[in-house]
Amino acid sequence: MREFDLVIVGGGPAGMAAAIAAREKGLENVVIFERDHSLGGILNQCIHNGFGLHTFKEELTGPEYAYRYAVKVDELGIPYETGTMVLDINDKREVTIISPGRGVETVKAGAVVLAMGCRERPRGALNIPGFRPKGVYTAGTAQKLVNIEGVVPGRSVVILGSGDIGLIMARRMTLEGAKVKAVVELMPYSSGLKRNIVQCLEDYDIPLMLSHTVVDIRGKDKLEGVYVAAVDSKNVPIEGTEEYFECDTLLLSCGLLPENELSRSCGVVIDPRTGGAVVNESLETSIEGVFACGNVLHVHDLVDFVSEESARAGAAAADFVKNGRRTGGEQIKLIPGNGVRYTVPGTVDVTNVEQEVHIRFRVTGVFRNSSIVMTCGGSEVFRRRSRILVPSEMQDVVIKKEKLEGLSGEMTVEIRGE
Amino acid sequence: MYDVLIIGAGVTGCAAARELSKYQLSVCVLEKESDVCEGTSKANSAIVHAGFDAVTGSLKAKLNVRGNQMIPELSKLLDFDFAMNGALVLCFDKEQLPQLEELKQRGIDNGVKGLEIVSGDKAREMEPELSDEVAYALYAPTSGIVCPFEMTLAFAENAYANGAEFRLSEKVISIEKTPEGTFGVKTDKGLIETKVVINAAGVYADKIHGMVSERPMTITPRRGEYLLMDREVGGKVSHTVFQLPTRMGKGILVTPTVHGNLLVGPTADNIEDKEDTSTTRKGLEEVRAKGALSVKDLPFNKVITSFSGLRAVGDTHDFIIEETEVPGFIDAVGIESPGLTSAPAIAEYLRDIVGTILPLEPKENFISERRGVVRFSRLSPEEQNELIRREPAYGSIVCRCETVTEGEILDSIDRPLGATTLDGVKRRTRAGMGRCQAGFCSPRTMALIAEKLGIGIGEVRKNGCYENGKGGEGDA
Ligand SMILES: Cc1cc2nc3c(=O)[nH]c(=O)nc-3n(C[C@H](O)[C@H](O)[C@H](O)COP(=O)(O)OP(=O)(O)OC[C@H]3O[C@@H](n4cnc5c(N)ncnc54)[C@H](O)[C@@H]3O)c2cc1C
Ligand SMILES: Cc1cc2nc3c(=O)[nH]c(=O)nc-3n(C[C@H](O)[C@H](O)[C@H](O)COP(=O)(O)OP(=O)(O)OC[C@H]3O[C@@H](n4cnc5c(N)ncnc54)[C@H](O)[C@@H]3O)c2cc1C
């Protein structure tokens, strides 16, 4: 049985950053398993720019951003096996992989970093009635068809959901000569980044229909059109508001789900709010020596945050392999309070915090002129005012170790109006 | 000139073709779609009914019970998935007990074995997630679940291996009786001559019937809508759970599928359009509401898709399987539920009718077995490695949800009567049937199909026929 100090599952930005950090911490025997033919993950199909503003202080395309990390992986001589899919991980950190070259093989890992990314919410999960014709794609599938396979799936398009991929695809399809008739969003606000709404919709005069949804899909073999209706405050379609849009393509951009089948199979506890693992300050899951980072942990909007987070996971995994588990400190349990959907991590053991800890979360709605407040045992640990907080932007709060020392019990993260 | 031309490659037509391919007859199956199993046979509850539902003495009752007895053995011979998981018919009110007893008695009269009425508590012991409201249940141990596509494909492929011809993407337009007593069947591609015609055209059987017979017949499509849930929650029930039937059908059932998903449905609504397999908000709400009566906390947030199928409801509410007043023209119509279960028995019945018209000489070299596409995920690691060594394409996973390899997809395209569309690949391999519903695998699957058919990726169809006639030719 081959043995590795660290096995990284997935060679997207998360996996690469984790591998690089682990190696830089001096861990030699590291490997990345990636099921695609190359490293880069979802970035390979994101040919638009806007990546890397934080990390590299310049605007790169997705493939360019990924390339910089792939070069680093090569420079450091970190081995990676592509065309290799991880099929199973058990609680003894035995990892079963499959590839055309080596067949089915089980390897032993000192530690594991889960970096499998996320998948798109499919139509079925959205409960849209109607026919099931050709022409209904998730936005990411369409993106792959256009940007990787060179096939434009249609000429007239309606997009359901205003997630970032949908917005980016509204622009891409327009540039490819298709007519994007509308982007339809169930919620009264968009789930995409503001800059994408401006650059992908407004610049091309594509209407964004908030508080609307697709209620029927017509066309038996090929999509012919969709009915769109307004929804009430409970998101129930309002009868009589139906409007027909002729189109040959319906793209769905209704959310991303962390790809955690493997994590579940090895018994990692999943947080139902994120769909990702419950982790501590070291991004370690409920299974000792198994770490998670990137979109498999919680869905990010900026790849820079993925890279930064994943480097922390890689470093923590390296530390685990070399020094074993450091336990015993007081636990602080983070509680999402008013306006906060979840927090990552879920717990903090202050003794394991080197200098600072990142606390990331999303808000549950749009909040204007309000503050992010953290309290523990009645005293305020953190406060930051914001002009506007929106669900589409992940919040990142950095707290210095000194602030946490001596604390224990529950720490609530909440949004307070002024 | 064929001996027998079967119109419709659903389960009825394919089972009949297989049965007739045991004899020295030239048999051809004609299908308007580009693949077998594109009609009602692909969208139903997939239950191998025990046989207590149909009126005693009806053809339905007889062929259901016979079909139920045949399928276990056939599933082994022809390599399709089947499990005898047993069924429970629930009643929620003590007052309904006589109805349940009537059902049991009817079952006994029909020849169904092992029927038993159990208390609500006993039923909940057998099926812990059942609603507290369940008062009594009829337990039918011989009820089963099957993969309807695989079963239909298995019949078709085995018939093909035994010399039956399949003309796909070819639609019957009219039928003429010739002075010699044979038939000239006009299709959108040409004229086909045959001695005997079997009408197995599902919801269109009235149209085909009307091309030859003077006697009026109508087939009303009665739509049934379903919700299918993730395998993660497939274990919610282990038996097929029915509600006491009403005049409008069997009520809403909750069942595991043979592949481990959870299926809830169907509704029963008469409609006009024979092509309208859409789902509706109203229908799916009914499924949710009625399904929830049987089983506690049905996880409707785990729905991965919805679909609907059309029952071909005839005038008599029984199967009509007979030579019509036009000699040589045989109807197999009104094949509503339990048509899937009954298919192998219907095939024997049709064979006997053909036997009154043409001589039946058994073939000596009939091939009785058929192997389906390998299910890579079910092999042992040793077998998997052996397969990958021989054919590295089995080492590459295309569908991550159902763990389907490139090797399986290539096989599904290359095999006789192979797939030419995404849906065709899906029905043969399950690629795209999982929780992401083909989001991940469809670009790769499309590329594999395009390469095999020599067409562009953008031209690959989800279902239906290619204009240039690509795919679907399967001459023996
Ligand atoms: C359409 C789109 C547009 C975006 N736009 C921007 C933008 O403009 N700016 C920005 O900063 N960010 C953007 N992002 C976000 C950013 O791209 C993602 O956050 C980032 O790619 C996530 O990295 P990851 O490594 O967690 O996941 P991924 O990139 O998805 O990588 C996961 C990798 O794991 C592999 N894998 C999964 N399971 C297995 C297994 N079992 N075995 C082996 N390998 C496996 C996958 O093949 C994949 O390569 C965008 C994302 C998308 C989808
Ligand atoms: C909601 C529902 C639930 C059901 N549940 C069950 C169950 O649990 N158990 C069970 O045993 N049965 C069940 N059934 C019944 C079963 O599905 C059907 O009885 C069976 O599939 C009928 O098969 P068929 O071959 O007769 O028809 P089909 O599968 O419809 O095949 C007819 C074929 O004829 C073709 N055709 C039509 N016109 C032409 C033409 N002009 N030229 C060429 N080809 C033509 C069509 O394209 C089609 O492929 C259910 C049915 C429904 C609708």
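In this predicted model, the shell around ligand 2 is shared between two domains of chain B, with at least three residues coming from each of domain 1 (1–82 + 144–218 + 315–372) and domain 2 (87–141 + 220–313). The shell counts 38 residues, and those that come closest to the ligand are B:Thr12, B:Glu31, B:Ser41, B:Ile335 and B:Thr341. Sorted by class, the shell splits into 16 nonpolar, 15 polar and seven charged residues. As for polar contacts, an N or O atom in the side chain of B:Thr341 sits 2.6 Å from an oxygen atom of ligand 2. The backbone joins in at B:Thr40, where a polar atom is 3.0 Å from a ligand oxygen, and a polar side-chain atom of B:His49 lies 3.3 Å from an oxygen atom of the ligand. On its own, ligand 2 has 1,000 Å² of accessible area, and the protein covers 97% of that. Helix H1 (11–20), strand E13 (220–229), strand E18 (303–313) and helix H8 (339–355) of chain B are the elements that each put two or more residues into this shell.

Over in chain A, ligand 1 also draws on two domains: domain 1 (1–119 + 256–325) and domain 2 (122–254) each supply at least three residues of its shell. Here 33 residues surround the ligand, with A:Ala14, A:Glu34, A:Ile42, A:Asn295 and A:Val303 coming nearest. The class breakdown is 17 nonpolar, eleven polar and five charged residues. A:Glu34 turns up again among the polar contacts, with a polar side-chain atom 2.6 Å from an oxygen atom of ligand 1. A nitrogen atom of the ligand is 2.9 Å from a polar backbone atom of A:Val86, while an N or O atom in the side chain of A:Arg195 lies 3.2 Å from a ligand oxygen. The protein hides 95% of the 990 Å² of accessible area that ligand 1 has by itself. Two or more residues of the shell come from each of helix H1 (13–24), strand E3 (49–51), strand E6 (85–89) and helix H8 (303–323) of chain A. H8(A) gives the largest share, at three residues.

Each chain also has a third domain. In chain B, the domain assignment adds domain 3 (376–471) to the two that line the ligand 2 shell. The C-alpha centres of domains 2 and 3 of chain B are 32 Å apart, and their contact involves seven residues from domain 2 and eight from domain 3. Chain A has its own domain 3 (327–418). There, the C-alpha centres of domain 2 and domain 3 lie 35 Å apart, with five residues of domain 2 and six of domain 3 taking part in the contact.

Domain 2 of chain A, at 122–254, takes in helix H4 (residues 139–149), which is mostly covered, with eight of its eleven residues buried. These buried residues are A:Ala139, A:Gly140, A:Thr141, A:Ala142, A:Gln143, A:Leu145, A:Val146 and A:Asn147. The cover comes from both chains: it includes strand E9 (118–120), strand E10 (136–138), helix H5 (164–175) and strand E17 (249–252) of chain A, along with helix H12 (442–453) of chain B. Right after H4(A) comes A:Gly150, which has a positive phi, near 75°.

Two loop residues of chain B deserve a look of their own. What surrounds B:Phe319, in the loop between E18 and strand E19 (320–323)? Beyond its neighbours within four places in sequence, B:Phe319 is in contact with B:Leu59, B:Lys60, B:Leu63, B:Val333, B:Gly334, B:Ile335, B:Glu336, B:Ser337, B:Pro338, B:Gly339, B:Ser342 and B:Ile346. B:Phe319 counts as buried because its relative accessible area is 3%. One of its partners, B:Gly339, is 20 residues away in sequence, with 8.5 Å between the two C-alpha atoms. Another partner, B:Ile335, is among the residues closest to ligand 2.

The second residue, B:His239, sits in the loop between E13 and strand E14 (240–243). Its relative accessible area is 10%, so B:His239 is buried as well. Leaving out residues up to four places away in sequence, B:His239 touches B:Asn85, B:Gly86, B:Ala87, B:Leu88, B:Met126, B:Glu127, B:Tyr139, B:Val254, B:Thr255 and B:Pro256. Its side chain also makes a polar contact of 3.4 Å with the side chain of B:Ser238.

Conventions:
Residues numbered from 1 in each chain as written. Chains lettered and ligands numbered in written order. Predicted model: local features only at pLDDT ≥ 70, side-chain atom pairs only at ≥ 80, totals over all residues. Heavy atoms only, no water. Near = heavy atom within 4 Å. Polar contact = N/O pair within 3.5 Å; in protein donor to acceptor, adjacent residues only side chain to side chain. Areas by Shrake-Rupley, 256 points an atom, 1.4 Å probe, with all protein chains shown as cover. Helix = DSSP H or I, 4+ residues; strand = E, 2+ residues; numbered from the N terminus. Nonpolar A, V, L, I, M, F, W, Y, C, P; charged D, E, K, R; others polar. Domains from an automatic or database assignment. Buried < 20%, exposed > 50% of the residue type's maximum accessible area, 1.4 Å probe, protein only. Contact = heavy atoms within 4.5 Å.
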